Amino acid sequence: MATVTAPALRATLPGVLKHRAVRKLLLLALVAAVLAPLAHARWHSGTWPAALTVDLTDPLTHVSDWIIDNRDSHPLFLYFFGHISNGVVLSVRAVYLFLLAAGWAGVTALAAFVAWRTAGVRLALGTAAAFLTCGLLGMWVPTMQTLALMVVAVLASVAVGAVLGLAAGLSDRMDRALRPVLDTMQVLPAFAYLLPVVLVFGIGVPAAVLATVVYAAPPMARLTSLGLRGADKEVLEAVESLGATARQRLLTARIPLARRELLLGLNQTIMMALSMAVIASVIGGGGLGDRVYQALASVDVGAALAAGIPIVLLAVVLDRVTAAAGRGTEPAHGRPTTYALLAAAVAVAVAVRLAGRLDWPDAWTVAVAEPVNRVVDWMTDHLYSGVPVIGGTADWAGRFTTWVLDPVRDGLQGLPWWSVLLLVAALAWLIGTWRTALTAVLAMAAIGVLGVWEPSMDTLSQVLAAVAVTLVLGFATGVAAARDDRVERLLRPVLDVFQTMPQFVYLIPVVALFGVGRAPAVAAAVVYALPAVVRITTQGLRQVDPAALESARSLGATGGQQLRQVQLPLARPALLLALNQGVVLVLAVVIIGGLVGGGALGYDAVFGLAQGDLATGLVAGAAIVCLGLMLDRVTQPADRRAKKGA
Amino acid sequence: MTVLPNTPVFSVEGLWKVFGPKSERVPLDPELAALPAAELRSRTGCTAAVRDVSFDVRKGEVFVVMGLSGSGKSTLVRCLTRLIEPTAGAIAVDGEDVRAMDRTRLRELRRHRAAMVFQHFGLLPHRTVLDNVAYGLEIQGVGKAERRERAREVVTKVGLEGMEHRRPGQLSGGQRQRVGLARALAVDPEVLLFDEPFSALDPLIRRDMQEEVIRLHREEGRTMVFITHDLNEALKLGDRIALMRDGRVVQLGTPEEIVGSPADDYVREFVRDVPREQVLTVRTAMRAATHAEAGTGAAVTPDATVSEAIEAVARTGTPARVMDNGRCLGVVDSDALLGVVAGAAPGAAAGAEPRKEAV
């Protein structure tokens, strides 16, 4: 086979100009040859020229001041935002009081009952164990605070998402209008949502809940719309042929047919809401996230872990229970059993209440912070540096910073600004279309105009380093898992757990291992993005047409040849998707890394929030949005857009 | 029913369905209307799926629309109840103009008068067999007890007893299509529309289902419009067949007419491999009887197939008489019968001039 195609390849080599990528690059080079000298001559500087920036600090400060001054008097706040805010506060408090009134035993029993009903006995036991562990760690009250906030946020997100999804699923025009917005919201780091909400609502529970709703509603909307649109055309035609009215069609066919997607949407919304509810501690969300945030601020790893474990448990339990509901594999239960167990759960709640043990007994808590901190101290003493041969974790972090992060950052900041734009354009155009390239370049230019070129390049350098590490590790693991069933079986549970954990939690172990700084932020980003990259790579390689693989094998291709010549080329779309996802996920955590000394844009945003300097925070937030957009578009394959048009 | 016995159930006149931008101008413009498909597409961006089709579906008959994929037959049947909105032409059901119906009236048509069976069944996966069958009645607002009762009867009729509480996912293809058939039957429609109902099934199961349809038709005499791309299925089931190509009906007639006297080369090519002796009747090979012949020999009916006559002739060794109510219409001898099998023109045969219906 190779002998046949080789001459053919050589024959086309002179016609290299016919190649699409080469044509694109040549055209771009032509444009650059004209524009770059002009730009260079006019604004000669390495970084973004000051003449081209717009200082938004003053107007933004004005707006922020105006809102603070008028929050209690202006009709817009009194009659609109005020009501929303009060409604949120009231409902969160109502749920919280209910949870407290049910007592620890009641909540645990009820949660176990729900888990049993949807997912069977094993998950019910797991759920009960998870809640009891939260109590044991002395985190019952913060867990209930987070849960109360979550319940309200999830209900609101599902309502908003379902309504939007219904609109987009039933109306093509609505779908065309909503889809790009939802697509874009999907790729933005969670942090970017905090600042505008704080601007309007101030720091506190309402802002936290609303930021969570804005972050968590899109998946519900997307999946609702997807489910409604994905319904079997012939079934809908059959329903129509029987003379169903539009309402009958929706209620008896379209919504039931979309059940799987709706429940998947619920699952994703819950996971996103948990992730955001924890991050929203930065803007006064309270609960578990706040404990982690405070602990990280004082580098108290033990306390952070004590609050982090309940978050992870909550995430795993919520994910498994809602995912089981989506699969619809619940064992059939008779009604009597259901009522009996519900009665038992209520009885437990009442009994504990009557016994006057509503609050988690103090005597039953285990203080993990102390021993954990001792372990961390020991690690600091023994593992940070001076370990023979391999060095220490702090050494690694230091070396990574000196040898990788610093050169990349200095390189990016030293590059002339127009050449960065050119690089972005070239990359985006090669992978995608001229539209994605244009969006990417405009987003990048907007960062310059906002006047945050330097910190953005810093963030970008961290993202690039983290993405590089993620891809090397991810592709290697993915290839290994795709080629060996045993590796995949071993990896699967690990990936399952890692993919359900909120971003915030990843900061805890890296601080324990590497201290604070940019390297730990990068490490957290790598760990967070790795599972998705591994999973997409494995799936992509495994879904390669078995017939193509079989024919290669029948021609006597070796394992390596199969991988290089068949699997990798055919899995190209999946690999590009893995790259795209990797970039988006890495950015989200690199931004949060601002909390543990990652600096750059993330730090600006946190600083703005902490100091009430909303202007700085908002500019940083806008730059984060632009950076997210740019990174997504640069790595967006051309066919993803094309498919949408069809 | 108040409808006169000879009023056609469906009457289609000059029907067009054109997909594409400004499609309504195509049927109006004689020049565009005459263009072949590829040229029409390049000039207007439109695709004409159904072109100027006219036919009547008589009460109680099985009317088969047959053609290869892309010939427009599925579009045609969907136009009958306006699941696809026709571009031009007239459709009448029992003399009532379908295209003039408002939404309520159209819904009534779909609910009570015409029910459809689909190629991929179109069942609701989240409902049991019984609730799928009862779905049409539910749409009509029939109470739960009553619709289940009626659904149970129909489920029995199509041979699915004992499976009432399964989900479609737990059934085989043939069983699923029985559910689809039962769902259509449950609303007791005047006409059953079948859109290639058996092409997704295995050959053996397909034959079972064809027998089932023949049985139902014999028992109930319900009018059926049957879409298929399978010539044998068309010949087996159809009282009359409309053969479609590129959106037009190229020939409309009984199976015998289609096989015995193809309207053009396309149809001739199409029916080339059909075993003619099993489709053509003895009328095709009949000649006038001599006085001697009229008194003796095996007797066959005028509707008997040639292969039945061959058997009779081979058994007796003499020409067979074609007898209609005790009257001898003529005789068929071995030469004439062999001529039919060989595909020779039955020119000499008396009374066999193929009637060609207006298309």
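Modeller: Two strands count as paired if DSSP finds at least two bridges between them. This is the cut-off to keep in mind as we go through the structure, which is a predicted model.

Biologist: Then what makes β4(B) and strand β5 (residues 96-97) of chain B a pair?

Modeller: The two strands share two bridges and run in the antiparallel sense, and since at least two are required, β4(B) and β5(B) qualify as paired. One position to look at is Val93(B), whose bridge partner in β5(B) is Glu96(B). β4(B) and β5(B) form a hairpin with two residues between them, and in the turn Asp94(B) has a positive phi of about 50 degrees.

Biologist: Which strand is joined to strand β4 (residues 88-93) of chain B by five bridges?

Modeller: That is strand β1 (residues 10-19) of chain B, which runs antiparallel to β4(B). Here Val93(B) in β4(B) stands opposite Phe10(B).

Biologist: Why are β6 and β10 of chain B described as standing at the edges?

Modeller: The open sheet they belong to has six strands in the order β6-β7-β8-β3-β9-β10 (chain B), with mixed pairing. β6 (114-117) and β10 (248-253) each have a single partner strand, so one side of each has no neighbour in the sheet. Within this sheet, neighbouring strands are turned by 15 degrees against each other on average, direction ignored. Strand β3 (residues 62-67) and strand β8 (residues 223-228) of chain B pair in the parallel sense over five bridges, and Val64(B) stands opposite Phe226(B) in β8(B).

Biologist: How is helix α4 of chain B directed with respect to β8(B)?

Modeller: Helix α4 (residues 73-80) of chain B lies across β3, β6, β7, β8 and β9 of chain B and runs at about 150 degrees to β8(B). Because angles over 145 degrees count as roughly antiparallel, the helix and β8(B) fall in that class.

Biologist: What makes the other sheet of chain B, β11-β12-β13, a mixed and open one?

Modeller: Its three strands are listed in the order β11-β12-β13 (chain B), with the pairing given as mixed. β11 (299-300) and β13 (327-332) of chain B each have a single partner strand, so each has one side without a neighbour in the sheet. The antiparallel part includes strand β12 (residues 320-324) and β13(B), paired over five bridges, with Met323(B) opposite Cys328(B) in β13(B).

Biologist: Why are α20(A) and α27(A) called oblique to each other?

Modeller: The axes of helix α20 (residues 453-483) and helix α27 (residues 600-611) of chain A come within 6 Å and cross at roughly 120 degrees. That angle is neither under 35, nor over 145, nor in the range 65 to 115, and therefore it belongs to the rest, which count as oblique. Among the residues that meet are Pro455(A) and Gln462(A) in α20(A) and Leu601(A) in α27(A). The residues of this contact divide into three nonpolar, three polar and two charged.

Biologist: How do you know that Arg78(B) and Glu237(A) form a salt bridge?

Modeller: The N to O distance between their side chains is 2.4 Å, and because the cut-off is 4 Å, the pair qualifies. The count between the two chains is two salt bridges.

Biologist: And how much area do chain A and chain B bury between them?

Modeller: They bury about 1700 Å², 59% of it on carbon and sulfur atoms. Glu234(A), Ser241(A) and Leu242(A) supply 37% of the area that chain A buries against chain B, more than any other three residues. The contact takes 16 residues from chain A and 22 residues from chain B.

Technical notes. Residues numbered from 1 in each chain as written. Chains lettered and ligands numbered in written order. Predicted model: local features only at pLDDT ≥ 70, side-chain atom pairs only at ≥ 80, totals over all residues. Heavy atoms only, no water. Helix = DSSP H or I, 4+ residues; strand = E, 2+ residues; numbered from the N terminus. Axes fitted to C-alpha atoms, helices over the stretch in contact; angles between N-to-C directions. Contact = heavy atoms within 4.5 Å. Nonpolar A, V, L, I, M, F, W, Y, C, P; charged D, E, K, R; others polar. Buried area = accessible area lost by both parts, 1.4 Å probe.
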